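Grab a pencil and open the viewer. Here are some short exercises, each with a solution you can follow step by step.

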Amino acid sequence: MKRAIVTEFGGLDVLRVVEEPDPAPGAGEARVRVSSIGMNHADLMARRGEYKLLSGEPPFTPGLEAGGVVDAVGEGVDAGLMNRRVILSANAPRANEDEFRGTYRSHYIASVNDLIPAPSSMNDVELGTLWLSYLTAWGCLVWKQDIQPRQVVALPAASSGVALAAAQIAHARGAKVIGLTTHAEKTKALREIPEADFDHLIVTRDDSGADNEWHRELRDLTDGRGVDVFFDPVAAGDYLNKEIRSLAQGGTIWVYGLLGNPDTVDVTPLIRKAGAIRGWLLNDLLANASAARSGYHEILHGFETGVYRQLIARTFPLDEVRAAHETMERGDHIGKLVLIP
């Protein structure tokens, strides 16, 4: 088995790939020969020591997503599970309360309860890329917010995997979807990508790199009404001020990430608009087994029917995990980065 480990908190140099004996599944468990591992910004945060609640102390293996083929089963497990293509549930890395078991590895031991049958329509690269983007978006926009037809949903960091998933999910419910991105080049690229399901795209910085008055464009695109829902990993400082000013009456800003630089925020317009700023963690959905099952079912059905389409930006061999992290840190990709063991 190949496995990536973080030897200590820090930069790219703390990542190593080691070889170990293949693990054997115990009672009620199966071993998955991993075909793909979805990368997420949480992996970078864990490596840097900014997500200790998830990772614990080094050494640890990062990674929150994976899929592959069952190649061994433990005692009490139906042998018919052998050679089945499966996706690890979003709970799998945290199923053992005493240990975070990251997915950056070629073989993964999981409880059979954490294995979800994969649709035949999904290719092997897509298997490990679903839950952090699609469940994060579905859980907030559908389960919590219950977005409605003709509402306006604005998605900062429009080129990210979560925003691309959120755009598809919001569009499937009849919402008007506006993407926000910092670079004009990304806007041009997004317009040519079928998976980028936006009605409009707004560039939030001018040619000098300074923030522009993008909230005015949002107001124009909504005929002065404003945005019903922001789903945002950036919200902080002046960016958040502009979002508050862009809200429709009774609108909500959902914050699911920490990409922005903290600064002073004026909440006065929020009061006048009876608006809200709320935090969102995928853990809220995963703690509700019934809701999580609904999310899994709807997302897989969406992929089977072609309503949802994953955009793979680039794949890397697991041995090139440092290069993969460096690419994610640069942030000039569009879509999902994937490790292939």
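The exercises below look at aromatic rings, one loop residue and some strand pairing in this predicted model.

**Exercise 1. Work out how the rings of Phe9 and Phe60 are arranged, and which parts of the chain they link.**

Solution. Start with the whole structure: a search turns up 9 aromatic pairs. For Phe9 and Phe60, the ring centres are 6.2 Å apart and the planes sit at 50°. Rings pair if their centres lie within 6.5 Å, and planes under 30 degrees apart count as stacked, over 60 as edge-to-face. An angle of 50° fits neither of those classes, so this pair is tilted.

Now place the two residues. Phe9 is in the loop between β1 (2-6) and β2 (15-19), while Phe60 is in the loop between α2 (52-55) and β4 (67-73). That puts them 51 residues apart, so the pair links distant parts of the chain.

Last step, burial. Buried means under 20% relative accessible area. Phe60, at 5%, counts as buried, whereas Phe9, at 23%, counts as partly exposed.

**Exercise 2. Classify the pair formed by Trp214 and Tyr239, and say which helices it ties together.**

Solution. Geometry comes before location here. The ring centres of Trp214 and Tyr239 are 4.9 Å apart with planes at 40°, so this pair is tilted. Trp214 belongs to helix α6 (residues 214-221) and Tyr239 to helix α7 (residues 237-246), so the pair ties together parts 25 residues apart in sequence. Both Trp214 and Tyr239 are buried.

**Exercise 3. Is Thr204 buried or exposed, and what is it in contact with?**

Solution. First find Thr204: look in the loop between β10 (200-203) and α6. Its relative accessible area is 2%, so Thr204 is buried. Then check its contacts, leaving aside neighbours within four places in sequence: they include Leu180, Asp211, Trp214 and Tyr239. So Thr204 touches both members of the tilted pair from Exercise 2.

**Exercise 4. Find where charged side chains lie over rings.**

Solution. Take Arg101 to begin with: its charged end sits over the ring of Tyr108, 4.7 Å from the centre. Then go to Lys144, which lies over the face of Trp143, 5.0 Å from the ring centre.

**Exercise 5. Trace how β4, β5 and β7 pair.**

Solution. Begin at β4, which pairs with strand β5 (residues 85-88) in the antiparallel sense over 3 bridges. One marker is Gly67, whose bridge partner in β5 is Ile87. Next, β5 is joined by 3 bridges to strand β7 (residues 115-117), again antiparallel. Here Val86 has Pro117 as its bridge partner in β7.

How values were computed. Residues are numbered from 1 along each chain as its sequence is written. This is a predicted model: local features need pLDDT of at least 70, side-chain atom pairs count only at pLDDT 80 or more; totals for chains, interfaces and linings use all residues. Side-chain values use heavy atoms; hydrogens and water are left out. Rings of Phe, Tyr and Trp (its six-membered ring) pair if their centres lie within 6.5 Å; planes under 30 degrees apart count as stacked, over 60 as edge-to-face and the rest as tilted. Helices (H or I, at least four residues) and strands (E, at least two) are DSSP runs, numbered from the N terminus. Buried means under 20% relative accessible area, exposed over 50%, partly exposed in between (1.4 Å probe, protein chains only). A charge sits over a ring if NZ of Lys or CZ of Arg is within 6 Å of the ring centre and within 35 degrees of the ring normal. Contact means heavy atoms within 4.5 Å. Two strands pair if DSSP finds at least two bridges between them.
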